[in-house]
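Subject: Structure handover

Hello,

Here is the structure you asked to have passed on. My notes on the sheet, the helices and the packing follow below it.

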Amino acid sequence: MWYQQKRSAGVPVRGVELQAAAEKFAQCFGRTDFKASTGWLFRFRNRHAIGNRKVCGEQILSSASENVEPFRQKLSMIIKEEKLHLAQLYSGDETDLFWKSMPENSQASRKDICLPGRKINKERLSALLCANADGTHKLKSIIIGKSKLPKSVKEDTSTLPVIYKPSKDVWFTRELFSEWFFQNFVPEVRHFQLNVLRFHEEDVRALLLLDNSPAHPSAESLTSEDGRIKCIFFPHNTSNLIQPMNQGVMLSCKRLYRWKQLEESLVIFEESDEEQGKGEKGVSKIKIYNIKSAIFNWAKSWDEVKQITIANAWENLLYKKEPEYDFQSLEDGDYREILEKCGELETKLDDDRVWLNGDDEEKGCPPKTKGWITKEVAQKGGGAEKQTPEFKLSAVRESLDYLLDFVDATPEFQRFHFTLKEMQQEIVKKQFQSRICSRIGSFLKTRPHNIKDSFNMPSTSGSSN
């Protein structure tokens with residue numbers, strides 16, 4: 001009733017507001033033990049056919065739920081006709097990732113906002129996740145970034161744990177998606193079924209379920225040469241209701257990513273640290289967190305999404321069952337704990353919830369059409385990447401020496417001794433090489449001198465000494 005009143009009045013209602021309202025109503029009814037958890041929010045939205053993305057994006061209309069059952073029947077018929085196994089059903093979905101954002105009112109964000117010309121960080125990547133229905137095959141995630149290859153990523157892109165593609169709009173295009181389908185999806189699916197499932201060549205087939213998005217080519221063009229690997233689109237405005245990736249899979253990956261981001265970005269202050277310097281330390285730590293860290297953390301997060309999480313996400317679509325959501329250690333309160341341990345006492349639970357769900361629920365934002373994204377990118381300016389900071393080898397070696405002393409004195413960390421020792425030896429080699437090059441350069445450098453200081457030249461008059 002409360003939600004319907006708000007929507008009738010044209011008021012956008014985000015997940016954080018639904019959670020806050022539910023907890024308030026629970027208190028009114030004397031339910032002090034009720035917690036509007038992430039799992040509760042997902043179940044509530046599914047039960048009442050409420051989309052889990054921002055209202056100004058893909059709106060869930062009353063007619064959308066009517067299209068769900070016909071699609072289920074169509075999918076069931078295809079599965080029977082093609083004799084598809086669960087492992088041959090795939091779902092893929094794209095999402096935004098504000099890879100560097102932090103909760104509002106954290107010490108670093110308050111300090112960062114106070115700096116001239118600084119705003120809350122909205123640096124964005126786009127990502128695609130794809131997996132099969134029983135969770136046995138998770139494909140390599142694809143990341144869309146603005147630059148061709150960030151300077152912080154020195155490796156060849158083929159060695160990265162993700163597929164990295166540049167796009168000026170930082171979003172998927174039909175060309176990029178088609179390239180991914182034929183160069184990555186089809187070969188990976190074939191390899192998995194032939195080498196892992198041990199299927200015969202004639203039994204290799206797959207059906208990929210996708211949102212009805214302008215970034216996707218037609219279903220006819222997304223078909224393998226032999227016609228056995230093909231696509232089907234969800235009806236308009238139904239993906240938030242039955243798209244498996246939106247039934248806890250994408251959220252789990254993002255929550256795991258945020259956890260890793262916090263571990264790298266937050267400064268754990270000691271009692272001796274002065275209050276005044278905490279903000280500066282927090283900002284400097286966040287600045288060090290770069291796109292390379294984001295890419296590796298995203299890949300690790302996707303790797304850690306549980307098989308059961310993916311399998312459960314298909315329950316609603318295939319069996320009309322409400323999925324069981326496993327968000328253990330990924331609830332809002334768990335992030336509240338780590339923030340408090342790092343001295344972030346000013347942030348509130350609502351701030352944390354907005355941050356955790358911010359990729360999907362930005363306040364008052366228009367739909368992210370291609371034109372809108374282009375405008376957004378243009379407003380942000382050229383976006384040339386900052387130069388990689390130069391490190392003084394002597395300072396690096398000093399830090400390694402200090403770290404080795406700590407490892408040797410702490411039994412639970414002694415397993416890292418040899419790794420650090422190897423790194424120390426490599427730094428020493430690099431120091432020697434740098435010093436030799438410096439001496440050679442110094443020797444070869446032309447020095448200004450007076451002609452009188454030179455060795456004696458033969459006399460031009462022909463006289464001899």
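Two strands count as paired if DSSP finds at least two bridges between them. By that rule, 6 strands of this predicted model form an open sheet with mixed pairing, in the order 4-3-2-1-5-6. The edge positions belong to strand 4 (163–166) and strand 6 (229–233); each has a single partner strand, so one side of each is left without a neighbour in the sheet. On average, neighbouring strands are turned by 25 degrees against each other, direction ignored.

Strands of a sheet pair through backbone hydrogen bonds, either parallel or antiparallel. Strand 1 and strand 2 run antiparallel and are joined by 9 bridges. If you want a place to start looking, Thr95 has Ala127 in strand 2 as its bridge partner.

The chain as a whole

The chain has 465 residues, of which 43% count as buried. Its secondary structure comes to 17 helices and 6 strands. Taking contacts between residues at least 6 apart in sequence, 72% join residues at least 24 apart. The exposed area is about 26900 Å², with 53% of it supplied by carbon and sulfur atoms.

Helices on the sheet

Two helices are worth finding on screen. Helix 8 lies across strand 1 and strand 2, and runs at about 40 degrees to strand 1. Helix 10 lies across strand 1, strand 2, strand 3 (142–145) and strand 4, at about 20 degrees to strand 2.

The cores

Which residues have the most contacts inside the largest nonpolar core? They are Phe71, Trp99, Leu207, Leu209, Trp298, Trp302 and Leu317, in a core of 41 residues. Elements giving two or more residues to this core include helix 4 (62–82), strand 1 (89–98), strand 2 (124–132), strand 5 (206–210), helix 8 (249–265) and helix 10 (291–304). Helix 10 supplies the largest share, 6 residues.

Trp302 is a useful residue to centre the view on. Leaving aside neighbours within four places in sequence, Trp302 is in contact with Leu129, Cys130, Ala131, Lys138, Leu139, Ser141, Met245, Val249, Cys253 and Ile310. One of these contacts, Leu139, belongs to a second, separate core of 24 residues, which also includes Ile144, Phe172 and Phe233.

Regards

Conventions
Residues are numbered from 1 along each chain as its sequence is written. This is a predicted model: local features need pLDDT of at least 70, side-chain atom pairs count only at pLDDT 80 or more; totals for chains, interfaces and linings use all residues. Side-chain values use heavy atoms; hydrogens and water are left out. A nonpolar core is a set of buried Ala, Val, Leu, Ile, Met, Phe, Trp, Tyr and Cys residues joined through side-chain atoms within 4.5 Å. Buried means under 20% relative accessible area, exposed over 50%, partly exposed in between (1.4 Å probe, protein chains only). Helices (H or I, at least four residues) and strands (E, at least two) are DSSP runs, numbered from the N terminus. Contact means heavy atoms within 4.5 Å. Accessible areas come from the Shrake-Rupley method with a 1.4 Å probe; for residues, only the protein chains shown count as cover. Axes are lines fitted to C-alpha atoms, for helices over the stretch in contact, and angles run from 0 to 180 degrees between N-to-C directions.
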